[in-house]
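Got your viewer open? Load the model, keep the selection box handy, and follow along.

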Amino acid sequence: MELALIGLGKMGLNMATRLVRGGHRVVGYARTKETVEAAIKLGAEGAFSLEEVIGKVNSSPKVVWIMVPSGKTTTETIEKAAALLNKGDIIIDGGNSNYKDTIMHAKMLEEKGIDFVDCGTSGGIWGLTEGYSLMIGGNEKVTEKLRPIFETLAPGKETGWGRVGPHGAGHYVKMVHNGIEYGMMQAFAEGFGILKAKKEFGLDLSQISHIWQNGSVVRSWLLDLAANALDEDTELKDIKPWVADSGEGRWTVFESIDLDVPAPIITLALQMRFASRDEENYPARMLAALRNQFGGHAIKKTE
């Protein structure tokens with residue numbers, strides 16, 4: 001198959017490479033000339049405008065895969081792409097859009113006669129070699145038309161991908177996936193933090209991570225990645241303790257509140273990411289001040 005790929009970040013470039021290697025024709029477009037040239041070196045064809053990238057797709061229906069930041073950027077890109085497409089053409093949103101926006105996008109495109117698929121995409125920088133986990137929302141017939149693309153991107157033709165429901169379902173499942181990821185990552189971080197603090201045992205965290213990789217109930221890809229990081233530097237001294245969030249963890253917590261489903265681990269994992277960014281840590285300062293006020297407890301002054 002052939003498709004236009006709009007958005008050539010690290011994941012977009014890796015997806016383009018995997019598709020090209022799988023025999024697909026990919027026309028890539030990004031806002032910067034250097035990024036487009038990088039895609040060309042990887043075997044894709046390049047385009048330097050939205051009009052050019054869609055115009056270079058010769059198939060009918062045309063397939064446009066969008067991989068840009070969620071929110072306003074995705075909405076604007078979908079609207080501009082739709083204005084260049086015909087009835088029956090297909091837009092895939094493979095980014096991390098909020099599922100409510102996705103449902104809105106689907107309705108807007110339906111009015112124009114353009115088919116739409118939302119594809120929650122997991123795999124990060126490892127997707128090129130390991131394949132991507134694809135959670136797809138949309139019409140069954142449209143999803144089936146795109147099967148060759150999904151089969152190429154996924155770990156296997158019948159594994160690691162599937163249609164999970166109607167429009168919005170793909171991004172919804174990916175949202176919860178990321179919420180679970182937050183909790184798992186936090187558990188590993190806390191566990192290794194406790195091990196590191198037990199100084200009298202002289203524990204080798206790298207060694208322990210490799211022991212756990214075989215036979216342990218906590219063995220996982222995340223543990224493999226933790227082992228990689230610890231092999232490079234057990235102290236992690238060159239890494240600042242500042243953790244971002246993509247937004248999907250927040251949305252998962254919002255859903256748990258809306259649905260009255262308890263999600264304390266995911267919620268606390270999200271809160272810990274917020275805490276990692278607070279270099280001033282005013283709440284902790286206030287706690288120290290209150291302890292001093294009511295109990296005369298010592299306060300450590302800043303130097």
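Quick vocabulary: helices (H or I, at least four residues) and strands (E, at least two) are DSSP runs, numbered from the N terminus. This is a predicted model, where local features need pLDDT of at least 70 and side-chain atom pairs count only at pLDDT 80 or more, while totals for chains, interfaces and linings use all residues. Residues are numbered from 1 along each chain as its sequence is written, and side-chain values use heavy atoms, with hydrogens and water left out.

Zoom out first. You have 14 helices and eight strands, and the C-alpha trace spans about 75 × 40 × 40 Å along its principal axes.

Now select residues 10–21, helix H1, and pick out Arg18. Which side chain of opposite charge is nearest to Arg18? That's Glu130, 8.0 Å away, and Arg18 has no salt bridge although it is buried. (Buried is under 20% relative accessible area with a 1.4 Å probe, protein chains only; a salt bridge puts a side-chain nitrogen of Lys or Arg within 4 Å of a carboxyl oxygen of Asp or Glu.)

Add Thr152 and Leu153 to the selection. A polar atom of the Arg18 side chain lies 2.9 Å from the backbone oxygen of Thr152, and the backbone oxygen of Leu153 is 3.2 Å from a polar atom of that side chain.

Last stop: select Glu280, Asn281, Ala284, Arg285, Ala288, Ala289, Ile299, Lys300 and Thr302, which line the second largest pocket. A pocket here is an open set of points on a 1 Å grid where a 1.4 Å probe fits, with protein on both sides within 12 Å along at least five of seven lines; lining residues have an atom within 4 Å of a point.

How values were computed:
Buried means under 20% relative accessible area, exposed over 50%, partly exposed in between (1.4 Å probe, protein chains only). Lys and Arg count as positive and Asp and Glu as negative; His and the chain ends are not counted. A polar contact is a pair of N or O atoms within 3.5 Å; within protein, one must be able to donate a hydrogen and the other to accept it, and residues adjacent in sequence count only if both atoms are side-chain atoms.
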